[in-house]
Amino acid sequence: LERHQVAFIGSGAWACAAAKLVARNCQLSSESTGEFEKAVRMWVYEEQIGDRKLTDIINERHENVKYLPGVNIGDNIVACPDLLETVQGADVLVFCTPHQFTRDICRQLRGNVNLDAVAISLTKGMRVRAEGPQLISEMVRKNLNIDCSVLMGANIAKDIGNEELSEATIGYAVPANGELFKRLFETPYFYVQLVPDIAGAEMAGTLKNIVALAAGFVDGLQKGPNTKAAIMRAGLNEMRSLAERIYPTVRDNTFFESCGVADLIATCYGGRNRLVAEAYVHAYQSGSPKCFDILEAELLAGQKLQGVLTSDEVQSILQVRGWEADYPLFTAVNGIINGLLPPTAITEYKSAAITSQ
Ligand code: NAD
Ligand code: 13P
């Protein structure tokens, strides 16, 4: 039997922490079952770090010094700046870039990947088109004409890089592919559950980034745990409602997996969207407001926020369909990030909706 050749597309914080899991399993498998080839190529969006190329540093030190410093991702990860060279000969593709870049990547890959390849997306986000929303897994499936599962969960990159116990959910359509990806990602500190619900897992992973902004506003306003819990509960309800309304196949139970309530908790306490939203409130209250782009650049050292873009994308769906009143928390977050409402509107989201009825 031919060994699977894995290609990893993306090299940010989560991409590197997840690549470390894959590198471990490919190394072990090449010494035992032979299911996976040992070497894993990783496409890196090339940049200069001082006088050196990031790909050269990764290949020499086995560490992404910019996006996941201090973590050895494995000496069988081979960083490559050329996208098409990265996927050449690969039959297992892992997508993990910020969602705003995936479309361009898919366009470049069209016609250039193995027809018998299978894919998985770790990206949390969606695209909005005139015809309606498109999840990243759908984008990969449509553009490349291959099956695409998703892996979503309570997965703060740095902590998984440090081998802290975590869980994730794989959403699959083809059971054999779900099983294959479980073998590729699962380790003694990273447990994987399978659900036959790609849209539910991916919508949960995508929409929780909006709720994380709300949680950051609550923290910035220095409200206590009752308020934060109230906002998270309302957010979870809006996530579930919208996911089930757009994709009627979505299962309620998916929201009780790692990709649902667990990811919501992790992100609302330890994520980047929360951090930047909290800083937004501090700047606003100091009388020198700052926009999210500036805060992202100041606080995240090149890492990318997904929640702000996702909020705008989701809001355009709500507006077109006349659903805004049904999603008052999402709508309040969108008003705040666009400067139409003060951050205090987050704790008044319910009364604003009641008044407008
Ligand atoms: P990141 O935010 O740490 O890094 C940004 C990445 O984007 C870098 O690799 C950078 O090189 C790349 N980039 C910049 N400009 C680009 C361009 N024009 N084209 C292509 N790439 C470009 O990345 P990440 O944390 O790996 O996030 C990827 C996805 O994983 C996101 O959807 C995120 O929501 C999700 N995710 C992140 C975490 C986490 O803790 N960081 C956890 C779970 C899921
Ligand atoms: P942030 O992008 O807000 O850091 O969330 C990371 C995440 O998705 C954890 O599962």
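This is a chat between a trainee and a mentor about the strands and helices of one predicted model.

Trainee: I'm new to this one, so what kind of sheet do the 8 strands form, and in what order?

Mentor: Keeping in mind that the model is predicted, the 8 strands make an open sheet with mixed pairing, and their order is β5-β2-β1-β6-β7-β10-β11-β12.

Trainee: Which are the edge strands?

Mentor: They are β5, residues 77-80, and β12, residues 190-195, each of which pairs on one side only.

Trainee: And how many degrees does the twist average from one strand to the next?

Mentor: Going from one strand to the next, the twist averages 25 degrees.

Trainee: Let's zoom in on β1 and β6: how many bridges join them, and do they run parallel or antiparallel?

Mentor: Strand β1, with residues 6-9, and strand β6, with residues 92-95, run parallel and are joined by 4 bridges. Within that pair, Val-6 has Val-92 of β6 standing opposite.

Trainee: Changing topic, what do β8 and β9 form?

Mentor: Those two strands form a hairpin, with 2 residues between them. Strand β8 covers residues 126-129 and strand β9 covers residues 132-135, and the two run antiparallel with 4 bridges joining them. Opposite Val-128 in this hairpin you will find Pro-133 of β9.

Trainee: Okay, now helices: which strands does α5 lie across?

Mentor: Helix α5, residues 136-144, lies across β6, β7 and β10, and runs at about 155 degrees to β10.

Trainee: I clicked on Ser-137, which lies in that helix; is Ser-137 buried or exposed?

Mentor: Ser-137 has a relative accessibility of 1%, so Ser-137 counts as buried, the cut-off for that being under 20%.

Trainee: What does Ser-137 touch, then?

Mentor: Leaving aside residues up to four places away in sequence, Ser-137 touches Cys-148, Val-150, Ile-198 and Glu-202.

Trainee: Last topic: at roughly what angle do α9 and α10 cross?

Mentor: The axes of α9, residues 225-246, and α10, residues 258-270, come within 11 Å and cross at roughly 135 degrees. The two helices are therefore oblique to each other, since an angle has to be over 145 degrees to count as roughly antiparallel. As for handedness, the crossing of α9 and α10 is right-handed.

Trainee: Which residues make the contact?

Mentor: From α9 there are Lys-228, Met-232, Leu-236 and Met-239, while α10 brings Val-261, Leu-264, Ile-265, Cys-268 and Tyr-269.

Trainee: How do the residues of the contact of α9 with α10 divide?

Mentor: They divide into 8 nonpolar and 1 charged, with no polar residues in that contact.

Notes. Residues numbered from 1 in each chain as written. Chains lettered and ligands numbered in written order. Predicted model: local features only at pLDDT ≥ 70, side-chain atom pairs only at ≥ 80, totals over all residues. Heavy atoms only, no water. Axes fitted to C-alpha atoms, helices over the stretch in contact; angles between N-to-C directions. Parallel < 35°, antiparallel > 145°, perpendicular 65-115°, else oblique. Left-handed = near helix turned anticlockwise from the far one by under 90°. Contact = heavy atoms within 4.5 Å. Nonpolar A, V, L, I, M, F, W, Y, C, P; charged D, E, K, R; others polar. Pairing = 2+ DSSP bridges. Buried < 20%, exposed > 50% of the residue type's maximum accessible area, 1.4 Å probe, protein only.
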